[in-house]
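Got your viewer open? Load the model and keep the selection box handy, and we'll walk through it stop by stop.

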Amino acid sequence: MGYVYALLAAVLFGANGSVTKLIMEAGLTPAQVTQFRLVGAALIAGAVLLAIDRRAFRMPRRQWPIMIVLGVVGVAFLQGTYAAAVQLLPVGIALLLEYTAVLIVALVAYFIFREKVKARLWVAIALVLAGLAVVAQVWASTLNPLGIVFAVAAAVCLALYFLIGEKQVVRTSPLAVSFWTMTFAAIFWAFVSGWWQLDPSVFTAPVDLGGQGAELIVPMWLPLAWNVALGSFAPFMLSLASLRYLTATAAGIVASSEVIFAFAVAWLWLGESLGLVQIVGAAVVLAGIILAQTARSTKTVVDADLALNTGPITTVDVTAR
């Protein structure tokens, strides 16, 4: 059951990139999409906490500054940069670049925190760099440079979330950490998203599903609801459930398949395809990511949408995500 839950979470996370891109192509800005996603996910997390663990709402005063930083940098900035990257790059490539956060975490753990890191990390770094060079076709790149910058920024934000978050989850409920960080992120993003400029009629505006679903027209609220409920909260709950049966490393490796599903959905739905050489490069990057996930002795779990949808990273001795 653990593998089933983790795989379903990866499918939903992977598909959500295409949904996000569709919403932005329909007229919403990356900032506005991020605002709706943060507010919606925070409300659902709060409702679940209210039903199952009201005491988890309490947070020690000394944790507030850390939670605010975690919410603003690790959640708000991450979701904003990722949404911007998806708007400018193919969904799978944006996600692939964001997943390099795994390497950043391992390198910081080794050089700054002096953790023991297995030798396979250096092989992983070589594989990821080589694979990314092939995917981006650096010899004749057609990728949007600004999109690459946004995707790399998202990777840095995600790595910071992992590094700060894994220290916090041992102090309180992972779901509570998720609620508070998403809430702080939503409050921060409310000042920059331009939500006040939206006409309420946007929620009922017709949206062309594009690609293979070009004939289908749905109201805007439908893909927005998917983005929040099935693209954010549902995969989070599945990821959390998977850790009842799997070690953190095993769950993290399954979660890496999100990249494959993102490419597959974007290809089948939006018609975003890669050349054979780029497919090989993506496979090399994914192999490097999986190696990196097993390099830290603390067995950190990594998921590309983690900062919005889950509690922070943890070790195999603590229930998280």
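Start by selecting Thr81, which sits in helix 3. This is a predicted model, so everything below is computed from its coordinates. With a relative accessibility of 13%, Thr81 counts as buried, because the cut-off for that class is under 20%. Show its side chain and look for a polar atom 2.8 Å from the backbone oxygen of Phe77. Then bring up what packs against Thr81: setting aside neighbours within four places in sequence, the contacts are Phe150, Ala153 and Ala154.

Now move to Phe77 itself. How exposed is Phe77? Its relative accessibility is 34%, so Phe77 is partly exposed.

Next, look at the aromatic rings. Across the whole structure, a search turns up twelve aromatic pairs. One of them is Phe77 with Phe188, an edge-to-face pair with 5.5 Å between the centres and 70 degrees between the planes. Colour helix 3 (residues 64-88) and helix 8 (residues 174-190): Phe77 is in helix 3 and Phe188 in helix 8, so this pair ties together parts 111 residues apart in sequence. Phe188 is partly exposed as well, at 27% relative accessibility.

For another ring pair, select Tyr110 and Trp122. Why is this pair called edge-to-face? The planes of Tyr110 and Trp122 meet at 80 degrees, with the ring centres 5.4 Å apart, so the pair falls in that class, which takes angles over 60. Tyr110 belongs to helix 5 (residues 101-111) and Trp122 to helix 6 (residues 120-136); the two are twelve residues apart, and the pair links distant parts of the chain. Both rings are partly exposed: Tyr110 has a relative accessible area of 31%, and Trp122 comes in at 38%.

Keep those two selected and switch on the surface. Tyr110 and Trp122, along with Phe111, Ile112 and Phe113, make a nonpolar surface patch of about 520 Å². Phe111 is in helix 5, and its relative accessible area of 47% makes Phe111 partly exposed.

There's also a ring cluster to pick out. Select Phe57, Trp64, Phe179, Trp180 and Phe184, which ring pairs link together.

For a change from aromatics, try helix 4 (residues 91-98). How many of its residues are buried? Eight of eight, so helix 4 is mostly covered, going by the cut-off of under 20% relative accessible area. The buried set includes Val91, Ile93, Leu95 and Leu97, and also Glu98.

Last single-residue stop: Thr294, in the loop between helix 12 (276-293) and helix 13 (306-309). Is Thr294 buried or exposed? Buried, with a relative accessible area of 13%. Its side chain makes a polar contact of 2.9 Å with the side chain of Arg120. Add Ala106 to the view and draw a C-alpha to C-alpha distance from Thr294: 9.6 Å in space, for residues 188 apart in sequence.

Finally, zoom out. Colour by secondary structure and you should find 13 helices and two strands. Of the 321 residues in the protein, 56% are buried. Take the contacts between residues at least 6 apart in sequence, and 82% of them join residues at least 24 apart. The protein exposes about 13,500 Å², with carbon and sulfur atoms supplying 71% of that area.

Conventions. Residues are numbered from 1 along each chain as its sequence is written. Side-chain values use heavy atoms; hydrogens and water are left out. Rings of Phe, Tyr and Trp (its six-membered ring) pair if their centres lie within 6.5 Å; planes under 30 degrees apart count as stacked, over 60 as edge-to-face and the rest as tilted. Helices (H or I, at least four residues) and strands (E, at least two) are DSSP runs, numbered from the N terminus. Buried means under 20% relative accessible area, exposed over 50%, partly exposed in between (1.4 Å probe, protein chains only). Patches are made of residues with over 30% relative accessible area and no salt bridge: like charges are joined within 9 Å, nonpolar side chains (Val, Leu, Ile, Met, Phe, Trp, Tyr) within 5 Å. Accessible areas come from the Shrake-Rupley method with a 1.4 Å probe; for residues, only the protein chains shown count as cover. A salt bridge is a side-chain nitrogen of Lys or Arg within 4 Å of a carboxyl oxygen of Asp or Glu. A polar contact is a pair of N or O atoms within 3.5 Å; within protein, one must be able to donate a hydrogen and the other to accept it, and residues adjacent in sequence count only if both atoms are side-chain atoms. Contact means heavy atoms within 4.5 Å.
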